[in-house]
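Q: Could you take me through this structure, asking at each step what makes a descriptive word apply?

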Amino acid sequence: MTETTTQRTVPAPTADREEQHESAAYPRAAQAADAMTAHLPQREERESDSGRPRQADILRTIGETGYRFVRSDQTIYAVQIGGGPIARPIRSKGGGGGTGSLRQCLIREYVLSTGRTPAQGSIADAIAALEAMAMDSESQDVHLRVAGDQVDQWTTWLDLGRSDGLSVCIERGSWAVLIPQHGEGPLWRRSRLVHELPVPERSSTGWQHGIELLRRILPVSAESYPMVVAWCMAALRPDMPRPLAGILGEQGTGKSTLCRMMVRLVDGSKAHLRSVPKSEDDLAVTTAAGWCLALDNLSGMPGWLSDFLSRAVTGDALTKRELYSDDEVAILVYRRPVLLTSIEMGVLQGDLAERMLPIQLEPITGKNRRTERRLWEAYHSSHPEILGGLLELAALVWAKLPEASDKLAERPRMADWAEMLWALDEVTGWHTLDTYTGAQEDLVDDVIEGDPVATSVLRWATSRLTPWTWEGQASQLLNELEVPPNTDKEKDWPRTPAVLSARLQRAAPALRRRGVDVRKLPRTKSGRPLQISTQTDTPTG
């Protein structure tokens, strides 16, 4: 299929062609003019004519009569009266779904109504006036892709990214596709990273049909597959700390393909994987602009990236000076579902390991390898049914979630995530909670093995009979510990007691999981001593 673009030269309006926009050159603009500008003052032709309304006044009137304004985090948005629940930015170019900005909408309606282009100065004056008039507008939250309900904390909404604002309401036990009315649902904001999702389709066999379609397409083992579904469930809940999905495997195992499929299930068919930017500020901007953050082909995990990802999945904000201002600040708030792919991420810091969901992929044999074209054809044709299956399953999981707080006797660090896994297991009969806690135990070993200080302290402490307690200064401990074999002493071993104390503080959670408790005691005249103890009732393997 080819596309043909027809260009038409529009003659410039002249004085003797007043009110002639209904000529053959403007048939559609003339029809739109009657509907959209009947409430406006007499249309202008030359601002120099006395008694004629200025362009800026016409543009301002279009904005006042066609839109209502809301404030969210000190930012003003415009919502079309009688349109979908889409909050348009005032000046920027707007985002996906063909929403545009208020500035673009005003220009468009003016051109369609008059057949002429407004002056840039008039546009700027109208926008400035509308912003000033909107200073006392109502305050309302504006959401990106997923939102909680204003009344029921267990109900969530999913933005399909369409220009009409069509959304999915996921309640306990049911879900529905509808356009939220004013006051009954969330307002959506759009960025260029918000892409359109297909309208989900129901199956007479329930959630199993869509989930089974997904299982057939994803290049993942039967053991890891339930964790993929669990991550997608968590991506449908707002304001929830969720683990980072680390997709690991050797070259040719389908890591990037799996990552793309997971992120596109909930973030649109055009969502892309990204490489790691050069600075944390750049990564924060792109993270706040989209719903899912998917980083591809990581080779190693630098300290700044580990810290950033740990904050991104639990919630963080970037505050920096606003461009072209002296004392104003711009604030970007985000808590996002995160995925990454890597052959080998290297040494993991303890705080990131406690927030990671490892998904290990196995090599794909030549017999089982599929062409990319056929794989994506199957994915796109099944996307509506897969999304419908995920929503059906989510509604059932949402119904079980209120019981989880009383049913779980013990929770890992990400307690909200553990409650969701419990509810998912109750609905499906899977064992995702046990799988996750088992994977966490493996990651504890990886953290300790990747840190020479943690490795040395664990060997030193567990070589004593338990229970056993040691107290002393960091300088004494530095003399007690042995440098593990194959360790670069100049690069990886602490040179001062202060550095050793800081490294122990970071490794303490992982060591505690292996039966070695490290903590700082109250400060004395000689400094702040350390206490290291082992317990007989705590596993040390």
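Q: Why is Arg145 called buried or exposed in this predicted model?
A: Arg145 has a relative accessibility of 1%, and since buried means under 20%, this residue counts as buried. Arg145 is found in the loop that joins strand E5 (142–143) to strand E6 (146–148), and its phi is positive, at about 65 degrees, although it is not a glycine.

Q: What makes Asn486 count as buried or exposed?
A: The relative accessibility of Asn486 is 85%, and the word exposed requires a value over 50%, so Asn486 counts as exposed. Asn486 sits in the loop between helix H15 (474–480) and helix H16 (489–492), and although it is not a glycine, it has a positive phi of about 60 degrees.

Q: Why is a positive phi worth pointing out in such residues?
A: Most residues other than glycine have a negative phi.

Q: How do you know whether H6 and H7 are roughly parallel or roughly antiparallel?
A: The axes of helix H6 (residues 225–235) and helix H7 (residues 255–267) come within 10 Å and cross at roughly 30 degrees; angles under 35 degrees count as roughly parallel, and H6 and H7 are therefore described as roughly parallel to each other. The residues that make this contact are Val228, Trp231, Cys232 and Ala235 from H6, together with Met262, Leu265 and Val266 from H7.

Q: What classes of residue make up the contact of H6 with H7?
A: By class, the contact has seven nonpolar residues, with no polar and no charged ones.

Terms used:
Residues numbered from 1 in each chain as written. Predicted model: local features only at pLDDT ≥ 70, side-chain atom pairs only at ≥ 80, totals over all residues. Heavy atoms only, no water. Axes fitted to C-alpha atoms, helices over the stretch in contact; angles between N-to-C directions. Helix = DSSP H or I, 4+ residues; strand = E, 2+ residues; numbered from the N terminus. Parallel < 35°, antiparallel > 145°, perpendicular 65-115°, else oblique. Contact = heavy atoms within 4.5 Å. Nonpolar A, V, L, I, M, F, W, Y, C, P; charged D, E, K, R; others polar. Buried < 20%, exposed > 50% of the residue type's maximum accessible area, 1.4 Å probe, protein only.
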